[in-house]
Amino acid sequence: MIRYLKNEDFETIYKLGNEITPNFKKTMNLSEMMEDNYTKVFVYEEEKEVQGFLMYTELPDTIDIIDIIVAEDYRRKNIASCLLDYMFTEMPTSVQLITLEVRESNLPAIKLYEKFGFEIVNTRKKYYGEENAYLMGRRLEK
Ligand SMILES: CC(C)(COP(=O)(O)OP(=O)(O)OC[C@H]1O[C@@H](n2cnc3c(N)ncnc32)[C@H](O)[C@@H]1OP(=O)(O)O)[C@@H](O)C(=O)NCCC(=O)NCCS
């Protein structure tokens with residue numbers, strides 16, 4: 001099941017986030033995100049366990065994916081794909097462009113995004129400390 005973030009999910013989301021990005025908890029204020037009108041956080045839950053989440057900012061014509069993380073034990077089970085599918089069904093029809101940054105070395109994520117029609121549009125040098133980021137984007141046809 002995919003649903004909006006609730007307060008009781010915070011601990012799990014911070015844990016999942018911190019495993020990937022050490023300062024995730026410091027930089028992501030989940031309670032503020034729940035209240036602002038631009039940030040959306042969806043979780044994937046199965047048998048009362050949150051196994052993954054997707055976080056993005058949404059403006060009338062643009063979405064920027066902040067993070068998508070699936071717990072290690074549940075990867076390759078289509079969860080990230082379900083979360084992205086859900087985003088596509090939820091987004092307003094006015095959205096024309098979706099962007100994101102991803103580490104150059106993060107092949108699973110790059111493959112995931114390519115499967116969803118994203119293309120590498122630029123390289124952001126040393127975006128993650130010493131590592132470059134790819135800026136990926138997908139334009140939506142109207
Ligand atoms: C990237 C990530 C979210 C994918 O989640 P997932 O639920 O395992 O992905 P899915 O099962 O929906 O896979 C969808 C597609 O992604 C690609 N993919 C996912 N994992 C992959 C891997 N390890 N190697 C290669 N391709 C992979 C494949 O194209 C796959 O389609 P397929 O199964 O038909 O081959 C997950 O690996 C993760 O949480 N990684 C750590 C966090 C992270 O790096 N997030 C991205 C931040 S930009």
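Helices are DSSP runs of H or I with at least four residues, and strands are E runs of at least two, numbered from the N terminus. A residue is near the ligand if its C-beta atom, placed from the backbone, lies within 6 Å of it. The model used in these exercises is predicted.

**Exercise 1. Describe the shell around the ligand.**

Step 1. Start with the count. The ligand is surrounded by 20 residues. R75, A80, S81, P108 and L112 are the closest.

Step 2. Assign elements. Two or more shell residues come from each of β4 (62-70), α4 (79-90) and α5 (107-115). The most come from α5, which gives six residues.

Step 3. Sort by class. The shell has 11 nonpolar, six charged and three polar residues.

Step 4. Place the ligand. Domain 1 (1-95) and domain 2 (96-142) both contribute to the shell, so the ligand lies between them.

**Exercise 2. Work out the strand order and find the edges of the sheet.**

Step 1. Write the order. Seven strands run β1-β2-β3-β4-β5-β7-β6 in an open sheet. The pairing is mixed.

Step 2. Find the edges. β1 (2-4) and β6 (119-128) each have a single partner strand, so one side of each has no neighbour in the sheet.

Step 3. Add the twist. From one strand to the next, the twist averages 30°.

**Exercise 3. Trace the pairing from β1 to β3.**

Step 1. Take β1 and β2. These strands are antiparallel and joined by three bridges. I2 sits opposite Y44 in β2.

Step 2. Move on to β2 and β3. Eight bridges link this antiparallel pair. Here E45 faces V50 in β3.

Step 3. Inspect the turn. The hairpin of β2 and β3 has two residues between the strands. E47 in this hairpin takes a positive phi near 45°.

**Exercise 4. Which sense of pairing do β4 and β5 show, and how do the helices lie on the sheet?**

Step 1. Check the pair. β4 and β5 (residues 97-103) are parallel, with four bridges. I65 stands opposite L100 in β5.

Step 2. Place α4. This helix lies across β1, β2 (39-46), β3 (49-58) and β4. Its angle to β3 is about 40°.

Step 3. Place α5. This helix packs on the sheet and touches β5 and β7 (131-139). The directions of α5 and β5 make about 165°.

Step 4. Return to the ligand. Both helices, together with β4, give two or more residues to its shell.

Definitions and conventions:
Residues numbered from 1 in each chain as written. Predicted model: local features only at pLDDT ≥ 70, side-chain atom pairs only at ≥ 80, totals over all residues. Nonpolar A, V, L, I, M, F, W, Y, C, P; charged D, E, K, R; others polar. Domains from an automatic or database assignment. Pairing = 2+ DSSP bridges. Axes fitted to C-alpha atoms, helices over the stretch in contact; angles between N-to-C directions. Contact = placed C-beta atoms within 7 Å.
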